[in-house]
Structures are given as structure tokens and as C-alpha cells.
Amino acid sequence: MSGAVPVVGKPDAAAPAAGAAKASRAGRFVPRIAAGAVFAVVIVVVAAVAAWPIYRSASFVLLVGVGSALGGAIAAVAWWRRWNAAIVAGVLAVTVLLVGVPLAVPARLGGLADLMRGLAELANGLVFAWKDLVTVELPVGSYRNLLVPALVAFLVGTCLVLLLAWREDRAAYIAVPVALGMVSFGLFFGRTSVSAPWHLGPVALYAPVETVVGASGLLACLLWLAWRTHDQRIRALQRAAASSGVRISRKPTAADRRRTVLGTGMVVGALVVAIAVVPYAARGADRDVLRSAVGPDIDLSAEVSPLAQYRSLFADDRAGDVLFTVSAASGSLPERVRIATLDAYDGEVFRSGGEGAVDAGRFVRVPSTLDAGEGEDVALTVKIGTWDEIWMPTAGRLRSVDFEGDRAASLADRFYYNASADAGVQTAGGGLAAGDGYVVHAVSPATEELEGLSAPGSTGGVSAPDSLRAWMDQHAEGSGGAELAGLVKLLRERGYLSHGLSEGESAPVWTQALGDYAFQPSASGHSLARIDTMFSRLLERESDPRAAATGNYVAAIGDDEQFAVAVALMARELGFPSRVVLGARLSTAEPGLSACDDGACRAEDLTAWTEVQSADGVWTAIDVTPQYAQSPSLDVTEQRDPENVTEVRPDTVQEVVPPDPTQEDSASDDQDEQQTALDLAWLWPILRIGGISLLVLLLAFGPFLAILWAKASRRRRRRRTGAPATRVAGGWDEYVDAAIDSGRAAPRTLTRSELAASFATPAGSDLAREADRAVFSPAAMSDADAERYWSAVEAERRELRRETGFWRAARATVSLRSLLRPLTPEAGARARSADQARLAERGRRRAEPVRPTP
């Protein structure tokens with residue numbers, strides 16, 4: 001009975017003490033809590049400014065506000081309720097799952113199917129969006145799941161900064177690296193160029209935005225560290241005064257003033273270096289960020305050139321097909337629609353990008369909007385007909401594009417654009433398809449007359465044929481753009497339009513719109529050899545006396561494919577960078593040029609033109625389509641058939657082995673079996689969504705499952721391993737661990753009976769006596785005794801969970817206190833060491849009487 005008194009009295013005495021300690025804790029730590037909250041708010045603002053160039057959207061502003069608020073709320077509850085790291089991680093994971101789709105994947109807000117896809121994209125974004133973020137052109141807006149990294153940075157980052165800043169021990173200083181990591185998110189994942197310099201009179205501040213962001217983050221961390229160090233020093237002196245009776249002077253000493261001046265000078269010096277010296281020294285250098293090493297582009301140099309397929313558009317079975325239709329979404333239509341820009345020529349084929357390209361731009365994904373510059377705003381709606389290539393019809397300088405139809409999401413995801421070339425490609429499903437539609441928002445820049453352009457200088461590249469140079473030398477007049485304009489005009493007058501090599505039994509379809517047209521054959525291709533042939537005929541015809549007598553100098557037969565390349569080569573000879581554009585005219589004031597009828601662009605309406613760049617960087621379009629009113633003189637053309645340049649190969653004879661009929665039959669059988677096989681393509685999306693959902697669940701609940709597994713393994717080992725007495729001792733340890741996880745203290749200095757009395761459970765005293773008997777009594781115990789003991793332990797564990805309620809029982813189930821108890825030192829040992837040090841300090845210092853307080 002004597003042991004019952006302390007058991008009953010302890011909870012009654014401990015409750016007021018705990019309440020007083022809690023109230024004292026709340027009142028004493030208010031300055032630290034307030035300082036940590038202010039520090040976190042400043043860091044969130046600075047990090048948001050740093051990340052703004054990445055997103056530049058209202059969705060990002062909403063995410064920062066809601067995410068940081070939720071992170072702060074979780075941190076406040078975790079600090080007040082003294083949650084451990086596992087509970088905080090679990091709450092953060094659940095919060096990400098609940099708010100991830102509305103904040104980070106807003107495009108998936110809708111029905112249940114959209115929400116499930118949104119959860120899958122959220123899980124995918126937690127792993128892969130960090131890489132995708134550096135492979136998409138800025139700003140990304142709310143594109144796909146690229147807001148997920150920002151959600152992690154501001155939700156988890158804010159919670160961690162607050163929880164660390166509110167700690168009493170030295171672990172609080174870890175808040176500084178976490179805060180700098182939040183700021184660095186926007187700097188490392190941002191753009192490759194710095195902001196424009198600020199000019200304050202004669203002084204120029206280079207990279208002002210990046211400088212202010214970096215300096216603000218650094219200054220906030222330094223100020224918080226200084227306040228934190230000062231606060232810890234004051235509190236340590238107060239504790240020393242309370243224990244020793246020594247009066248503490250609140251007046252700053254000379255040493256304090258020297259430290260303040262020295263610290264302020266160091267901070268000011270660091271800011272001067274950060275704001276003035278570093279940006280000035282790095283003003284001419286490129287900014288190296290993560291996207292600098294990972295190119296967000298695709299390489300189209302290996303794609304088949306659309307100019308090489310140009311002649312096939314005029315086949316009888318395709319010439320009348322409507323490839324796409326264009327209508328004005330607002331305002332008026334532009335003059336031209338661009339399909340492909342070809343800026344690299346290797347002497348055989350003009351293609352987009354690759355070695356020798358004039359433009360240094362890249363095809364990158366466009367998630368939101370681009371800076372289209374100045375010009376007239378245009379908006380046109382494009383509906384795809386039979387055009388099934390990757391080259392996407394656009395107009396002017398693209399600002400944004402809105403896709404429509406069933407494939408809108410896929411088309412937006414696989415759209416790439418080259419701002420330097422003013423061209424876009426679509427790689428979804430291998431290219432565009434019938435039924436696809438989109439609205440192009442662009443800017444039509446002001447045009448300049450070719451005659452007034454100045455050449456910026458030679459751009460290199462392949463050498464033009466000698467015949468082209470000779471023809472230019474004979475007819476060149478003036479200089480610069482005027483010289484090029486004269487040569488182009490003369491070339492078009494002495495050329496003749498032809499899209500075919502043979503006429504066939506009936507007139508080709510493409511000739512029906514040309515009126516009284518006399519067919520002349522011409523070979524396809526635009527290699528240097530084909531261009532050389534065309535200009536050789538021009539030189540031959542111009543040297544023929546019959547041409548002067550009749551005034552007919554027409555000899556260059558071909559279409560836009562050859563003439564666009566010829567003009568591009570002439571422009572390069574005169575020092576103009578040049579490129580070839582495949583597209584269509586929506587309107588034209590020049591007779592003889594094809595144009596789409598009411599926005600319906602047929603295959604035979606497609607054309608090619610040349611663009612040249614002036615000294616001020618502006619590209620000017622040049623129409624190159626030759627005339628078809630005056631045909632070449634027959635007395636010249638009948639003497640030579642058109643040459644189709646081919647590669648000459650040595651005459652060799654190779655034995656051709658006939659195919660084995662048996663093999664063909666078996667292959668046919670295999671194909672029949674493959675066609676009749678079960679199609680399981682539908683299963684892959686289900687497995688992918690299921691796998692991603694399972695990954696989300698593992699990320700959210702994996703830590704809790706690991707804790708449950710560790711405790712279950714420990715309990716199974718204690719119950720099944722060793723002699724019956726050992727299993728009984730293990731049962732007592734399991735009972736103690738259950739009490740510790742439920743929030744009870746278990747000092748190592750207490751005996752089993754004392755621990756059972758402090759736990760105050762119904763059968764605790766009996767368990768303590770049985771455990772002492774198993775350990776210290778010489779009497780042997782049976783397996784049945786051990787099983788009965790463990791049954792009593794399980795009953796006590798259930799009672800401990802029942803008396804605390806559901807939520808506290810769940811928290812006790814995943815608590816790490818019992819697992820970490822062997823690793824933590826005894827609190828009494830620390831207290832005794834602190835008391836001894838305090839007594840020694842008191843003996844060394846001279847006591848000064850404390851003035852009584854009124």
C-alpha cells in the first residue's frame with residue numbers, strides 16, 4: 001500500500017507543473033517565434049521575386065500565397081503540439097496530395113478522370129518536373145506540372161524554415177541553408193540572361209534584379225543570425241544571473257559597441273561587393289544556370305527537307321487537296337502563312353538547322369507566351385485538312401498559340417518553336433492530322449523595301465556555281481539591296497515556271513489555273529548542280545544571236561524550289577544572310593503569284609520565297625516565282641533535254657537471289673498471327689496510372705509503413721526469440737515502449753515496480769512482478785507462462801491506446817520515441833553535469849547582491 005501513494009499523487013502534481021511550464025514556454029519564446037516568422041516571410045517574398053521570371057502567371061502568385069500560408073500553419077501546429085519529424089513529414093505529404101492538383105496542376109481541375117490524371121502528373125512532377133523545368137522555354141506559366149517544384153519549394157521550404165528557426169538548440173542555424181535554397185530555386189532554374197541594367201545618371205547597375213534578390217536573401221539571413229546570436233547570449237546571461245544572483249547590467253559596454261560596428265562594417269562591405277563590384281565584373285559574361293547545360297530543344301537537321309518534297313505537292317492526285325484553312329480570329333489576315341524556315345544549305349539540300357545554319361535559334365517548347373516585339377497584332381484560326389507533316393503553319397512572330405480539339409493537350413505538349421526562324425513544328429503523333437485546330441496570336445512586323453537594305457557582310461557557306469557568279473557579273477548594277485533587287489527582277493523575267501518533267505496524256509492539274517500556258521519540262525531538285533544547269537542555260541541563251549533578234553532571253557526553267565535557292569545564293573554572294581521559307585500567300589497584289597482562295601490553301605497554292613537579312617537584323621521577304629507568260633524559244637530548248645542530275649555509279653553486276661517461297665509463306669503466316677493476336681495496348685495506360693498512383697501512396701505513407709514494420713519486427717523478435725524468461729523480459733520491454741510512445745516518461749533510474757506505478761495501468765504492477773521473477777528467480781518458466789505474460793502485455797497496450805483517443809493512439813503507433821530511446825542520453829546525466837558546472841561557475845565568480853525589486 002505504501003507504493004500506492006506516489007502513484008496516485010504524481011499525476012495530480014504533474015498536471016499543474018506541466019501547465020505552468022507550457023505557459024512559461026509560450027511567454028518566454030514569443031520573441032524568437034516572432035523573429036523566425038518575420039525571417040520566413042522575408043525569405044518567401046525574396047524567393048517569389050527570384051522565381052517570378054520562371055512562371056510569370058497568376059497561378060504562381062496563388063501558389064506562393066496558399067503554399068507558404070499552409071506551410072506556416074503546419075509549422076505552427078507542429079511546434080505547439082510538439083510533433084516529431086515523422087508526423088510533420090506525413091502531414092506535408094498529405095497536404096501536397098490535397099492541394100497539389102488545384103495549385104500545381106490547375107489544368108486538371110474537372111471531373112474524376114481529370115483529377116486522377118492530375119494526381120498522376122503531380123506524382124510524376126515530384127520526380128521529373130525538376131528536369132522538365134530546364135527543358136521548357138521561359139516563362140512556363142502553369143504548363144503541365146511544372147508548378148510542382150514551386151509547390152515543394154514554398155510549402156515544404158516555409159514549414160522547414162519556421163520549424164528550424166523556432167528551435168532552441170543550434171539546429172536552428174540550419175534554417176539559413178534552407179532559406180538560401182528557397183531563394184536559389186528561382187536563380188538556378190531561371191533564365192540564362194540577366195536583367196537589363198539600371199541607369200541612375202552616369203552610374204549603371206548591371207543585373208539589378210539578380211543583385212537585389214541575392215543581396216536581400218543574404219542580408220535577411222545575416223540579420224536573423226545576428227539577432228539569434230544576440231538573443232541566445234542575453235538568455236544565457238539571464239539564466240546565469242538567476243542561478244548565481246549576479247546582477248546583469250543592461251547598458252551596452254564598449255566591447256558591445258565595437259562588435260556592433262565591426263559587424264555592421266562587414267555587412268556593408270559585403271553588400272557593396274555584391275551590388276557594385278560583382279555585377280560590373282560579370283557584365284559581359286553569360287549567366288550559367290541549370291538550363292544552360294540542358295538544351296530544351298530538338299534537332300530537325302535530320303528531318304526530310306520540305307523543299308525537297310515541294311514538287312510532289314503539284315502531282316495530279318494532290319494538287320487540289322485543301323491542306324489547311326486560315327480565317328481571321330480578330331482583325332485582318334496577314335499577307336503570308338509560314339510553314340517551314342530553311343536556313344542551312346550543304347550544296348545538296350536546304351534544311352532547317354544543322355551545320356551552316358544562318359540562325360542560331362533553337363526549336364524549344366513554348367508553354368505560355370513569347371516576346372514578339374513591335375508590330376501589328378494578328379490573330380488567325382488554322383484548321384488542318386490533309387496536311388500531315390510536322391511543319392506547322394504560323395504567321396509573323398509568334399506570341400502564343402491556343403490549341404483546340406480532341407488532341408489539344410497533346411498538341412500543346414509537343415509544340416516547338418524557333419523564335420529566330422519564326423517557325424514552329426508539331427511532333428505529337430508524328431505531326432499534324434486532319435481535324436486539328438489552333439489559334440495563332442502573333443505580331444506582323446513592319447517590312448522594308450529590298451532596294452533600301454544594306455548588306456551586313458559575308459556569312460560564308462558553300463560557294464555558288466561559277467555560272468551563277470558569271471551571270472551576276474554581267475548584269476549587276478548598283479550596290480546592296482538595289483543590286484540584289486535588280487538581279488532578282490531580271491532572273492524572274494528570264495525564267496519560266498514549270499512544276500513537272502513530263503506533261504503526260506493530258507495537261508497537269510496545276511496548269512489549269514495558268515491560262516494559256518505552254519508546258520516546258522523541268523527537273524526537280526535544288527542542288528548546286530541543278531542551279532548550275534539553270535544559269536548555264538541562261539548564259540548560253542544570252543550569248544545566242546537569235547535571242548537578241550527576238551528579244552526572248554527566257555531559258556531558266558523551274559519553279560520556286562530552284563529560284564528560291566538561286567536567289568539565296570545570289571544574296572549571299574552580295575553579303576546578305578539568306579534563308580528559304582516554305583509557306584502560302586493569303587493575298588497578293590502582284591499578278592501571276594499564287595494565293596489561297598478565301599483562306600483555303602490547296603497543295604498547289606504553296607510557294608517558296610527567299611528572305612534576306614539587312615545590317616539592322618531585319619528579315620525581308622523576296623518573291624521569286626518566275627513568269628509563265630513568255631515561254632522559252634523552241635529552237636533552243638529542243639536542242640537539249642532537261643538534265644536530271646544523278647550520281648554516276650560504276651557498272652557492276654550483282655547476283656540477285658530470288659526470295660524463298662517458303663519463307664514468304666511463313667512470314668505471311670506470322671503477319672496473320674500478329675493481326676489476330678490480342679491487342680493489349682489499352683492495358684499500358686492503366687498500368688502506368690496505377691503505378692504512378694502507387695508511387696504517390698508509397699511516398700506519402702512509406703515512412704509510416706517503415707516505422708510500423710520496425711516495431712512489428714521488434715515485437716516479433718522479443719516474443720519468439722530465446723528462453724521463456726527472456727521472452728518475459730522482452731514482453732516487459734514491449735510494455736515500456738508502448739507507454740513511452742503514448743507520451744509517458746520512463747527514466748532509466750526507476751525500477752520495474754516504480755515504472756509500473758508511474759504508468760498507472762491496471763495490470764502494470766503484476767507485469768513488473770512477473771518480469772522480476774523471470775529475471776531474478778531461479779525457478780524455471782514454461783512456454784505457457786511466457787504466452788500468458790505476452791497476452792497481458794497486449795491487453796495493456798490496447799488499454800494505453802484506448803485511454804488516449806483515436807488520434808493520439810495513431811500518433812503513438814507511428815511514434816519514434818521508443819525506437820530512438822536507446823540512442824538518446826539519460827536526461828538526468830545532463831542535468832547533473834549542468835548542475836556541477838553551474839556550481840563551479842558560481843564559485844569562480846564574485847557574487848554581487850541583487851537589488852530588491854519593489
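**Why do we call it that?**

Trainee: Why is Ala 760 called partly exposed?
Mentor: In this predicted model, Ala 760 has a relative accessible area of 44%. Buried means under 20% and exposed means over 50%, so 44% falls in between and Ala 760 is partly exposed. Ala 760 is found in the loop between α21 and α22 (764-776). Its phi is positive, about 55 degrees, although Ala 760 is not a glycine.

Trainee: What makes Arg 144 count as partly exposed?
Mentor: The same cut-offs apply: its relative accessibility is 30%, which is neither under 20% nor over 50%, so Arg 144 counts as partly exposed. Arg 144 also has a positive phi, about 50 degrees, without being a glycine. Look for Arg 144 in the loop between α5 (112-132) and α6.

Trainee: Now to the helices. What makes α3 roughly parallel to α6?
Mentor: Helix α3 (residues 58-81) packs on helix α6 (residues 148-165) at an angle of about 30 degrees, and their axes are 8 Å apart. Angles under 35 degrees count as roughly parallel, so α3 and α6 earn that name. Their crossing is right-handed. Residues of α3 in this contact include Phe 60, Gly 67, Gly 71 and Trp 79, and among those they meet in α6 are Leu 151, Phe 154, Thr 158 and Leu 162.

Trainee: And why is α13 called roughly antiparallel to α16?
Mentor: The axes of helix α13 (residues 480-493) and α16 cross at roughly 155 degrees and come within 11 Å. An angle over 145 degrees counts as roughly antiparallel, so that is the term for α13 and α16. α13 passes α16 in a right-handed crossing. On the α13 side, Leu 484, Leu 487, Val 488 and Leu 491 take part, and they meet Phe 563, Ala 566, Val 567, Met 570 and Ala 571 of α16.

Trainee: Which residues touch the most other members of the largest nonpolar core?
Mentor: Phe 324, Trp 387, Trp 471, Leu 484, Leu 491, Phe 535 and Met 570 do, in a core of 91 residues. Helix α16 (residues 560-573) gives the most to this core, with 9 residues. Another core lies apart from it, with 60 residues that include Val 44, Leu 92, Val 136 and Ala 175. Coming back to Leu 484, its contacts beyond four places in sequence are Leu 450, Met 570, Ala 571, Leu 574, Phe 576, Val 612 and Ile 622.

Trainee: How do you know that Arg 715 and Glu 734 meet in a salt bridge?
Mentor: Their N to O distance is 3.4 Å. The cut-off is within 4 Å, so the pair is a salt bridge. Arg 715 sits in helix α19 (residues 683-720) and Glu 734 in helix α20 (residues 724-741), 19 residues apart, and the pair links distant parts of the chain.

Trainee: Why does Glu 734 count as buried?
Mentor: Its relative accessibility is 2%, under the 20% limit, so Glu 734 counts as buried. Arg 715, at 22%, is past that limit but not over 50%, so Arg 715 counts as partly exposed.

Trainee: What makes Arg 718 and Asp 737 a salt bridge?
Mentor: The closest N and O atoms are 2.8 Å apart, which is within 4 Å, so this pair qualifies too. Arg 718 belongs to helix α19 and Asp 737 to helix α20. Both residues are buried.

Trainee: Why is Glu 794 called buried?
Mentor: Glu 794 has a relative accessible area of 16%, under 20%, so it is buried. Its partner Arg 797 has 13% relative accessibility, so Arg 797 counts as buried as well. Their side chains meet in a salt bridge at 2.8 Å, N to O. Both lie in helix α23 (residues 783-804), 3 residues apart, about one turn of the helix.

Trainee: Which residues are linked in a network of salt bridges?
Mentor: The network links Arg 714, Arg 715, Arg 718, Arg 719, Glu 734, Asp 737, Glu 787, Glu 794 and Arg 797. The count of salt bridges comes to 37.

Definitions and conventions
Residues are numbered from 1 along each chain as its sequence is written. This is a predicted model: local features need pLDDT of at least 70, side-chain atom pairs count only at pLDDT 80 or more; totals for chains, interfaces and linings use all residues. Side-chain values use heavy atoms; hydrogens and water are left out. A nonpolar core is a set of buried Ala, Val, Leu, Ile, Met, Phe, Trp, Tyr and Cys residues joined through side-chain atoms within 4.5 Å. Buried means under 20% relative accessible area, exposed over 50%, partly exposed in between (1.4 Å probe, protein chains only). Helices (H or I, at least four residues) and strands (E, at least two) are DSSP runs, numbered from the N terminus. Contact means heavy atoms within 4.5 Å. Axes are lines fitted to C-alpha atoms, for helices over the stretch in contact, and angles run from 0 to 180 degrees between N-to-C directions. Angles under 35 degrees count as roughly parallel, over 145 as roughly antiparallel, 65 to 115 as roughly perpendicular and the rest as oblique. A crossing is left-handed if the near helix is turned anticlockwise from the far one by less than a right angle, and right-handed if clockwise.
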